[in-house]
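Here is a short set of exercises to work through with the sequence and the 3D view side by side. Try each task on your own, then go through the solution step by step.

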Amino acid sequence: MKTLTHTFHYVLCTYAELSATDRQLIDAAKSATQRSYAPYSHFHVGAAALLADGTVVTGTNQENAAYPSGLCAERTTLFYAGSTHPNTAVVAIAIAAYTDGAFTPTPIAPCGACRQVMLEVENRHHHPIRTLLYGTEGIYIIEGGTRELLPLTFDASFLE
Ligand code: THU
């Protein structure tokens, strides 16, 4: 018997330390929060995906009175990107959340289902996604792709 270790690499930085491109992506995710439909949780999430051709697509969480029928901002964004730009890789995604009149101090973390969808998008396009998680007290950047966020992944290789 032996213990195996999954090491998770991520960067903590300030907004001022970001490149102009990363700042624009964070800004797009922050403004998207204002278009969220979250009448039940009042937790307004915005995501912005940068595509390989430079296009930025945004999306927000879309809630529903039948709670499970709603969808997170990350999946709304990635499904929209896949529907409108099916042949273009997603190279980065930024996520921000606004609640109680302010952006969250702690960087927002994508839920497990969204991580699974991020992984599928990476595998589909053979391109890792840089993930930027916004918080007013710091920003996390996951440079190494979704496998960093989702160890022991289930992917298409199991279905072969
Ligand atoms: N939510 C997202 O949109 N993304 C996340 O990463 C976490 C949670 C949404 C789902 C729901 O509309 C609300 O936030 C509260 O869970």
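The exercises below start at the ligand and move outward to helices and single residues of this predicted model.

**Exercise 1. The ligand and its shell**

Task: Find which residues surround the ligand, and work out which of them offer polar atoms to its oxygen atoms.

Solution:
- Step 1. Begin with the shell: Ser41, Phe43, Val45, Asn61, Glu63, Cys72, Ala73, Glu74, Ile108, Ala109, Pro110 and Cys111 surround the ligand.
- Step 2. Sort these residues by character: eight are nonpolar, two polar and two charged.
- Step 3. Look at the side chains. In Asn61, a side-chain N or O atom is 3.0 Å from an oxygen atom of the ligand, and in Glu63 a polar side-chain atom lies 2.5 Å from a ligand oxygen.
- Step 4. Now check the backbone: a polar backbone atom of Ala109 is 3.3 Å from an oxygen atom of the ligand.
- Step 5. Finish with the cover. On its own the ligand has 370 Å² of accessible area, and the protein covers 75% of that.

**Exercise 2. Ile108, a member of the shell**

Task: Decide whether Ile108 is buried or exposed, and list its contacts beyond its sequence neighbours.

Solution:
- Step 1. Place the residue: Ile108 sits in the loop between strand E5 (102-103) and H3.
- Step 2. Apply the cut-off. Buried means under 20% relative accessible area; Ile108 has 10% relative accessibility, so Ile108 counts as buried.
- Step 3. Leave out neighbours within four places in sequence, and Ile108 is in contact with Phe43, Val45, Ile95, Ala96, Ala97, Leu133 and Tyr134.

**Exercise 3. Two helices**

Task: Check the span of helix H3 (residues 112-125) against its residue count, then do likewise for H2.

Solution:
- Step 1. H3 has 14 residues, so at 1.5 Å a residue the expected span is 20 Å; its end C-alpha atoms are 20 Å apart, which agrees.
- Step 2. H2 has 12 residues and runs 16 Å from its first C-alpha to its last, close to the expected 16 Å.
- Step 3. Pick out the buried residues. In H3 they are Cys114, Arg115, Val117, Met118, Leu119, Val121, Glu122 and His125; in H2 they are Ala73, Glu74, Arg75, Thr77, Leu78 and Ala81.
- Step 4. A reminder helps in reading such lists: an α-helix has 3.6 residues a turn, so residues three or four places apart point the same way.
- Step 5. Ask what provides the cover. For H3, the cover includes helix H2 (73-84), strand E4 (90-99) and strand E6 (130-135); for H2, it includes strand E2 (44-51), strand E3 (56-60), E4 and H3.
- Step 6. Look just past H3: His126 follows, with a positive phi near 55°.

**Exercise 4. Two polar contacts**

Task: Identify the polar partners of Thr99 and Asp155.

Solution:
- Step 1. Thr99 is in strand E4, and a polar atom of its side chain lies 2.9 Å from the backbone oxygen of His42.
- Step 2. Beyond neighbours within four places in sequence, Thr99 is in contact with His42, Phe43 and Thr104.
- Step 3. Asp155 lies in the segment after strand E7 (138-142), and its relative accessibility of 12% makes it count as buried.
- Step 4. The side chains of Asp155 and Arg147 make a polar contact at 3.3 Å.
- Step 5. Setting aside neighbours within four places in sequence, Asp155 is in contact with Leu119, Asn123 and Arg147.

Notes
Residues are numbered from 1 along each chain as its sequence is written. This is a predicted model: local features need pLDDT of at least 70, side-chain atom pairs count only at pLDDT 80 or more; totals for chains, interfaces and linings use all residues. Side-chain values use heavy atoms; hydrogens and water are left out. A residue is near a molecule or strand if one of its heavy atoms lies within 4 Å of it. A polar contact is a pair of N or O atoms within 3.5 Å; within protein, one must be able to donate a hydrogen and the other to accept it, and residues adjacent in sequence count only if both atoms are side-chain atoms. Accessible areas come from the Shrake-Rupley method with a 1.4 Å probe; for residues, only the protein chains shown count as cover. Ala, Val, Leu, Ile, Met, Phe, Trp, Tyr, Cys and Pro count as nonpolar, Asp, Glu, Lys and Arg as charged, and the others, Gly among them, as polar. Helices (H or I, at least four residues) and strands (E, at least two) are DSSP runs, numbered from the N terminus. The expected span of a helix is 1.5 Å times one less than its number of residues. Buried means under 20% relative accessible area, exposed over 50%, partly exposed in between (1.4 Å probe, protein chains only). Contact means heavy atoms within 4.5 Å.
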